[in-house]
Amino acid sequence: MNGIFISYRRDDSAGYAGRLYDRLAAHFGAGRVFMDVEGIEPGTDFVDAIEGAVASCRVLIVLIGDEWLTATDASGRRRLDDPHDFIRLETRAALARDIRVVPVLLDRAPMPTIDDLPEDLQALVRRQAVELNHKQWDATSGELIRTLEKILGAADTPEHTAAPPPPAPPPARPVTPTTTPTPPAGAWGRWAGIAALLIAMAGGWFALNQDRPPPTIPTPEPAPAPTPAVAPPAAPPPPRLVAETPAAAFDTTTVGETRTRELRLRNTSDAAAALTAALTDNAQGSFRVLVDTCGDTVRANSSCSYTVAFAPSTAGAHRATLSITPANGEAVGWPLSGQADTAAPAEPAPAPVAERPRPEPAPAPRPQPTPPPAPPAPRILSLDAHAETGGAKVCYRVENATRLTLTPRPGELPNAARNCITVPLSAAATLTLSATGPGGSARQSVRAVPAAEPAPVASPHPRPGETWVYRSRGKWPTSPTRTLHFTTDRVDGATVYEKMSITAPQASRAILRRSPGTQATLIDWGDIGWEFSPWLAAFDPPGDGGRWRGISTPTLEGRWDDWSTIANVDGRDRVRVPAGSFDAVRIEVWSTRRATGGSAMRDVEPTTVHFDIWYAPEARRYVKMVRTTKAASNAEIEKDIFELVEIRAR
């Protein structure tokens, strides 16, 4: 009962589980590390099967990523609330027995609180957790191994007791030489009598036994039968490959974009398997293998993976098959599928609003002769309203009126046949002109709309208190999705002092940095890594053909130094981000260094960091950044995408 059981969610931490299995199996032995409950026969109670598998181990490792607590099933219910969820069954079985449960937090994932867990798992929050980080894999996984060694103690190796040496033979008794004494002369007669008596006794015995048969000679033992020959051992069974990841169906992708999936393969036999990988039925060339950790051979009872990219160039459905064939066994494979859509069309510019034609004043009718006693009726000859800032300018012409009013404001007007007045308005309103006189009254209305306040002229430079909000995401399922706030603290000439804080998934303390607006440089923001010259568009808008050399580059992660960085303008694009669509200049940046960690570090030591950055003058700060980090083996360690969400004024 000295086994180690790894409990994980495939959607949350499958990549970590396979990598951790290989590390623990290499240290403790493959026979003591278990990662899945396999081989449950049809009709078997899977609850009993899981409890039996967990009970056979001494330690249960619970891998907790960002989605371990919140993952849902097809109906939208949280999977951890399902009493038959495998993760819940495994953890509950270990907590109910004398089995050590070790929570392992992946890439700073938070420890669940007691209110987050069902009642039968609440004891998990009282277990001391261990952190595991892929960027410091050797250090954090080594700390976990030391913790497991303390729990498991010395390995159960039988001690062989040496056979006791044979007892020493007893010492030989020394022979004491004797001297035969010479009989005295008077004793010779006595010795002669004794000799005569012995001769007489021998003669009598011979006479009595001469008729007996001769003694029987014993028969010799037969020779032992020859030992039968031992048959040669049977040939080892062929390797058995299992696809741990189901069929790879990619999310809907826009033409020109790229999505990736990691497909895990496991060799469940006790013999190594020579592999041949083939990507077939890929007529449109939309799928390709980016990272192959399996190579030509996969070890016995080990896992490896293929990272497949889906990069469609045409819209519609795309399909292919990735087949893995061992040298002497059954092939396995994954059907690949994806749907591609064309990019959303650019938003059309709003149609210009045609100016409402002003009504021509009606021609004054020819005065008709009226009877002298009847006074003429008041008439409103024209009434117009023209938009002005903060209100409207109202012009009118009347005749035969002795009193004029304009409602709802300003009320009574000067009695004039022609006039223009300014009416203060905060919103559109209907104004009514009333004219009264001895001959009666007349009314006419007009719609007045105030002019919009002129938009303030945007400063090309950032102002203190302004905030740029970005959203970032990584390549791997366990990579965190973050919301970042960059707030201007002050501007000193062409130098910008700003604070960066992470507001999601967990809030962090703000960090203050400064960056020159007219000089290309790299800024280290700690947890989120490097950022390239964010203010180039505000102080020194890059033009076509721009190039930079000898760019100042800080140490990466406090460990990797001696970088050489160059940058150049790579064209202009129309880029769409959550904050809107922008006409932007694209700059490409390359930072490289020589590997120093040797062959053991070739898959984790960063030697190349590549940036694609889009700058738009109206946003002042960059609107999109794609940062790709590669190891000495050319495998992608991480790919981070930063997109502008909004700009907040002070």
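Start by selecting D120, which counts as partly exposed at 25% relative accessibility. Keep in mind that this is a predicted model. Now add R92 to the selection: its side chain meets that of D120 in a salt bridge, 3.4 Å from N to O. R92 is partly exposed too, with a relative accessibility of 25%. Step back to the backbone and you'll see R92 in helix α3, while D120 sits in the loop between β4 (100–106) and β5 (130–132). The two are 28 residues apart, and the pair links distant parts of the chain.

Next stop, D11. Select D11 together with R79 and you have another salt bridge, with the closest N and O atoms 3.4 Å apart. What does this pair tie together? D11 belongs to helix α1 (residues 10–28) and R79 to the loop between β3 (57–64) and α3 (86–95), so the bridge connects parts 68 residues apart in sequence. Switch on a surface and compare the partners: D11 is exposed at 53% relative accessible area, whereas R79 is partly exposed at 25%.

While you're in this stretch of sequence, pick D73, R77 and D82. Here the salt bridges form a network linking the three residues.

Now jump along the chain to E643 and R473. Their closest N and O atoms are 3.5 Å apart, and they form a salt bridge. E643 is in strand β34 (residues 636–648) and R473 in strand β23 (residues 467–473), so this pair ties together parts 170 residues apart in sequence. Is E643 buried or exposed? E643 is buried, with a relative accessible area of 14%. Its partner R473 is partly exposed at 39%.

If you want to keep hunting for such pairs, a search of the whole structure finds 27 salt bridges. The general idea is simple: side chains of opposite charge can pair when their charged atoms come close.

For the last stop, select S633, in the loop between β33 (622–631) and β34. S633 counts as partly exposed, at 22% relative accessibility. Which residues does S633 touch, once its neighbours within four places in sequence are left aside? Show side chains around it and look for R602 and D603, both in contact with S633. Then draw a C-alpha to C-alpha distance from S633 to T607: the viewer should give 9.0 Å, for two residues 26 apart in sequence.

Notes: Residues are numbered from 1 along each chain as its sequence is written. This is a predicted model: local features need pLDDT of at least 70, side-chain atom pairs count only at pLDDT 80 or more; totals for chains, interfaces and linings use all residues. Side-chain values use heavy atoms; hydrogens and water are left out. A salt bridge is a side-chain nitrogen of Lys or Arg within 4 Å of a carboxyl oxygen of Asp or Glu. Helices (H or I, at least four residues) and strands (E, at least two) are DSSP runs, numbered from the N terminus. Buried means under 20% relative accessible area, exposed over 50%, partly exposed in between (1.4 Å probe, protein chains only). Contact means heavy atoms within 4.5 Å.
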